[in-house]
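Student: Could we go through this structure together? I would like to learn where the descriptions come from.

Tutor: Gladly, let's look at it.

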Amino acid sequence: LSRGTRTPGARDERKTMQRTFILLAALFGLAAAFVPAAAPAGARAVRLARQQRPSMPTRIAAFGPGGEGPRLTSENEPDEYWGSELDNASDSEKLNIALIGLAAISLPFVIGMALYLTGAME
């Protein structure tokens, strides 16, 4: 083949290769965004670790100041506890809520299938 004549498929191959290269470059760029930063090396790392270490251990008091309180066991558990209104509802009320949730999740799929089978959605 001479320099001036090209086959029609060569142009398509070139565009495909360009698109593939652009896609790969974009994927590598996205992957590079998730690479963790390099840790400092040597003595600098030791110095940073010493600066970040707390001098005294930290105590966490989740339920107020002080030490251990009385332990909760089945014998000293209070008869009334905090609960939602749904905890006190009957099983028939809970069943209604469960059926409403099931219908809310499955109804869009049923409607989509009906539209697809009638030909309204392709």
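Tutor: Helices (H or I, at least four residues) and strands (E, at least two) are DSSP runs, numbered from the N terminus. This is a predicted model, where local features need pLDDT of at least 70, side-chain atom pairs count only at pLDDT 80 or more, and totals for chains, interfaces and linings use all residues. Residues are numbered from 1 along each chain as its sequence is written, and side-chain values use heavy atoms, leaving out hydrogens and water.

Student: What makes the pattern of the chain read as it does along the sequence?

Tutor: The chain has three helices and zero strands, and in sequence order that gives α-α-α.

Student: How do you know that H3 reaches close to the span expected?

Tutor: The expected span is 1.5 Å times one less than the number of residues. Helix H3 (residues 91–118) has 28 residues, so 40 Å is expected, and its first and last C-alpha are 39 Å apart.

Student: What is meant by the bend of H3 at Ser106?

Tutor: A bend is the angle between axes fitted to the seven residues ending at a residue and the seven starting there. At Ser106 this is about 40 degrees, and Pro108 follows within four residues.

Student: Which elements have the lowest and the highest mean pLDDT?

Tutor: pLDDT is the predictor's confidence in each residue, from 0 to 100. Helix H2 (residues 43–52) has the lowest mean, 69, and H3 the highest, 93. Where pLDDT is low, predicted coordinates should not be read in detail.
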